[in-house]
Amino acid sequence: MFIPASIVIFALLIATVVFSRVAGDALEEATGDLNAAISDGVGWWYVIAVNIFLAFAIYFAVSKIGRIRLGRDDEQPEFGIASWFFMLFSAGMGIGLVFFSVAEPLSHYITTPYGVEPETTDAVNTSMGVVMLHWGLHPWGIYAIVGLGLAYMTFRRGRPLAVRWLLEPLLGRERVEGWIGHAIDTVAIVGTLFGVATSFGFGVSQIIGGLEFLGWAESSNWLIITIIAAITLIAVWSVVSGVHKGLKWLSNFNMSVAALLAFAVFVMGPTIILLKAFPENLGNYLSILPETMLHSGPFSEDGWEAGWTIFYWGWWVSWAPFVGMFIARISRGRTIREFIVGVLLAPTLVSLIWFTIFGDSAILFQREGTVDMLTDGAVSSTTALFQFFEAFPLTVVLSVIAMLVIVLFFVTSSDSGSLVIDMLASGGSTNTPKSTRIYWASLEGIAAAVLLVVGGSVALTALQTLSIATAAPFSIILFLTCISLTRAFRHDVASMPSYMEVITTSETEGSEAGTGNDKTRSNVLRGISGASAALSGFSANGRTDVGEETKQVISFRHVDPAVAVVDPATGAITIIDEQRDPLAGQTFDTPEFESSQEYLDQGGEPNGADDGDRTAT
């Protein structure tokens with residue numbers, strides 16, 4: 001996929017820049033028309049789809065499916081809880097939280113949705129509830145489906161780490177390895193690179209806005225190129241050093257600095273009000289969720305749904321291949337329940353804390369007139385955060401820390417995006433050459449620089465709209481993925497053993513195992529006559545004292561009575577229509593296969609599973 005994906009990316013990049021230079025107004029109009037077509041034509045589907053994904057994720061976690069391990073049965077998680085969370089959060093939403101931390105809550109307070117009167121207490125509650133709708137369970141439900149599917153198919157079933165394999169249980173290996181699989185991976189590569197590049201561009205605009213706000217620099221092409229080059233160089237170093245070194249260290253450091261920034265605002269800001277706001281915002285989110293999670297605005301005339309909720313759903317789906325694959329890469333060894341609970345709840349809780357600290361403080365300052373964060377009556381995402389810091393005594397220090405967090409979040413997004421694209425372009429291999437990692441990391445920086453310097457904001461918006469447009473076909477792929485994974489999980493659950501501890505108490509001295517008058521054995525079998533004859537062997541081994549307990553653990557598998565037929569003459573039980581494994585019997589000549597549970601199930605030697613893909617980085 002390396003050459004085809006590169007050709008498509010360069011072609012789209014050149015076309016966007018040329019059109020933005022030659023016919024900027026026409027491109028801007030076309031972009032607006034495409035946005036309108038997406039929101040009006042498929043916005044309703046985006047709303048339904050994200051709820052379907054979240055429902056499937058919750059079902060996978062709470063059912064028996066949650067016991068399945070994303071790796072070998074005896075495997076432990078590759079990363080500790082803290083490092084795992086820091087990395088998935090840094091790659092997933094970290095930069096967005098900084099960019100919209102002040103701007104979005106304040107925007108919903110000034111321009112309120114759902115007919116709520118602006119700049120009122122109801123507007124505050126609605127604003128924070130809507131913010132959490134956009135940044136809470138639903139986006140992480142999308143990421144959870146992609147990440148879960150990829151981790152399961154790769155680490156447990158031995159498939160290459162590529163999006164196409166999500167559909168193998170539904171389509172079969174032959175179709176997945178054909179043109180359908182190529183198309184799926186191409187869409188994922190293009191959407192990922194342009195998603196990262198456009199976010200890169202908007203983030204650089206915010207950094208420059210902060211420098212101008214502090215009076216330290218003025219926007220220029222050379223400043224844009226310098227900032228992008230510096231971030232790209234750090235990202236190249238990180239992606240070359242691998243997940244266990246550069247990316248892990250940067251993620252841990254970045255989340256620590258972000259936590260320090262939030263703590264400083266919490267302590268120096270309206271601390272008591274924020275403490276009251278935490279449970280209030282959680283309540284607002286939970287109370288507004290049933291009403292808003294299916295809201296698509298069929299009679300809306302102000303375009304709010306298209307500009308916010310539907311835009312977010314499309315944006316999160318377009319980022320799903322990137323974030324989902326990266327989460328999968330760092331989640332080896334966890335059970336499905338651990339994976340989904342961690343991916344859904346932990347980031348949602350952090351988002352709640354983050355937006356409460358920054359959002360409620362900003363709204364309070366705006367209400368009381370402490371600082372004016374409006375520009376011509378509207379909120380500017382580029383400068384709102386730095387205007388917010390004017391309410392604090394350490395304005396310059398906080399602004400510098402915020403710009404540092406933005407830079408580091410972009411680095412972690414860029415290098416994790418480069419790692420994901422490289423794996424996709426190489427057919428799902430986790431052991432990719434350093435040269436190709438450098439190529440993709442550099443291409444992201446070049447694309448962002450070209451879009452900002454040559455194409456301007458019109459080109460950035462056009463490519464962002466194009467990325468969101470890729471969410472339409474990819475949302476269908478994700479819907480099919482839910483069905484596909486359910487088919488694969490059904491066999492795992494059907495063949496999954498349960499365990500029972502049999503405790504017996506000897507009532508006779510010197511009872512020998514297997515004797516006809518052994519009261520121990522009769523106690524064991526009391527009440528379970530007609531069960532498997534294998535249970536008749538459970539009795540105290542050797543001589544035991546009166547009252548002594550004997551414990552033995554046995555494994556058993558639940559059988560659905562609907563598929564069990566009992567021979568009336570012999571009492572023999574036959575299982576019919578047993579669940580067939582849609583992935584069984586396939587082999588791959590890859591390190592991922594040799595380190596998977598599927599390899600062991602097919603008779604492979606355990607010593608061949610020496611964490612082959614863990615050392616790939």
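Throughout this talk, a residue is called buried when its relative accessible area is under 20%. With that cut-off in place, let me turn to the structure above, which is a predicted model.

I shall start with the whole protein. It has 24 helices and six strands. Of its 617 residues, 55% count as buried. Among contacts with a separation of 6 or more, 79% come from residues 24 or more positions apart.

The definition serves us at once in helix H7, residues 121–135. Which residues of H7 are buried? They are Ala-123, Val-124, Thr-126, Ser-127, Met-128, Gly-129, Val-130, Val-131, Met-132, Leu-133, His-134 and Trp-135. That is twelve of the 15 residues, and H7 is accordingly described as mostly covered. From first C-alpha to last, H7 reaches 22 Å, close to the 21 Å expected at 1.5 Å a residue.

The loop that leads from helix H6, residues 103–110, to H7 deserves a moment. Tyr-114 lies in this loop, and so does Glu-119. Both have a positive phi without being glycine: the value is near 60° for Tyr-114 and near 55° for Glu-119. Are these two residues buried or exposed? Tyr-114 counts as partly exposed because its relative accessibility is 27%. Glu-119 is also partly exposed, at 47% relative accessibility.

Tyr-114 leads us to another part of the chain. Thr-292, in helix H14 (residues 271–292), touches Tyr-114 and Leu-133, setting aside residues up to four places away in sequence. Thr-292 therefore has one contact in the loop before H7 and another in H7 itself, and it counts as buried because its relative accessibility is 2%.

Next comes helix H8, residues 137–156. Here 20 of the 20 residues are buried. Just after H8, Gly-158 takes a positive phi of about 80°.

H8 packs against two helices that I wish to discuss. In general, a pair of packed helices is described by the angle and the distance between the two axes. What are these values for H8 and helix H3, residues 43–62? The angle is about 65°, and the axes are 8 Å apart. The crossing is left-handed. On the H3 side, the contact is made by Val-50, Asn-51, Phe-53, Leu-54, Phe-56, Ala-57 and Phe-60. On the H8 side, the residues are Leu-137, His-138, Gly-141, Ile-142, Ala-144, Ile-145 and Leu-148. By class, this contact has eleven nonpolar residues, three polar ones and no charged residue.

The second partner is helix H16, residues 309–329. The axes of H8 and H16 come within 7 Å and cross at roughly 35°, and this crossing is right-handed. The residues that H8 brings to the contact include Trp-140, Tyr-143, Val-146, Leu-150 and Phe-155. Those of H16 include Trp-313, Trp-316, Trp-319, Pro-321 and Arg-329. The class count is 18 nonpolar, three polar and one charged.

Pro-321 of H16 also connects to our next residue. Ala-188, found in helix H11 (residues 179–214), is in contact with Val-163, Pro-321 and Leu-424 once neighbours within four places in sequence are left aside. The C-alpha atoms of Ala-188 and Ala-425 are separated by 9.9 Å, although the two are 237 residues apart along the chain. Why does Ala-188 count as buried? The reason is its relative accessibility of 0%.

I shall close with helix H17, residues 336–368. Its 33 residues should span 48 Å at 1.5 Å a residue, and the end C-alpha atoms are 47 Å apart, so the two values agree. H17 nevertheless bends by about 30° at Thr-356. After the helix comes Gly-369, with a positive phi near 80°.

Thr-356, the residue at the bend, is one of the contacts of Ser-361, which lies in H17. Apart from residues up to four places away in sequence, Ser-361 touches Val-265, Pro-270, Leu-274, Thr-356 and Phe-388. Ser-361 is buried because its relative accessible area is 0%.

How values were computed:
Residues numbered from 1 in each chain as written. Predicted model: local features only at pLDDT ≥ 70, side-chain atom pairs only at ≥ 80, totals over all residues. Heavy atoms only, no water. Axes fitted to C-alpha atoms, helices over the stretch in contact; angles between N-to-C directions. Helix = DSSP H or I, 4+ residues; strand = E, 2+ residues; numbered from the N terminus. Left-handed = near helix turned anticlockwise from the far one by under 90°. Contact = heavy atoms within 4.5 Å. Nonpolar A, V, L, I, M, F, W, Y, C, P; charged D, E, K, R; others polar. Buried < 20%, exposed > 50% of the residue type's maximum accessible area, 1.4 Å probe, protein only. Expected span 1.5 Å × (residues − 1). Bend = angle between axes of the 7 residues up to and from the residue.
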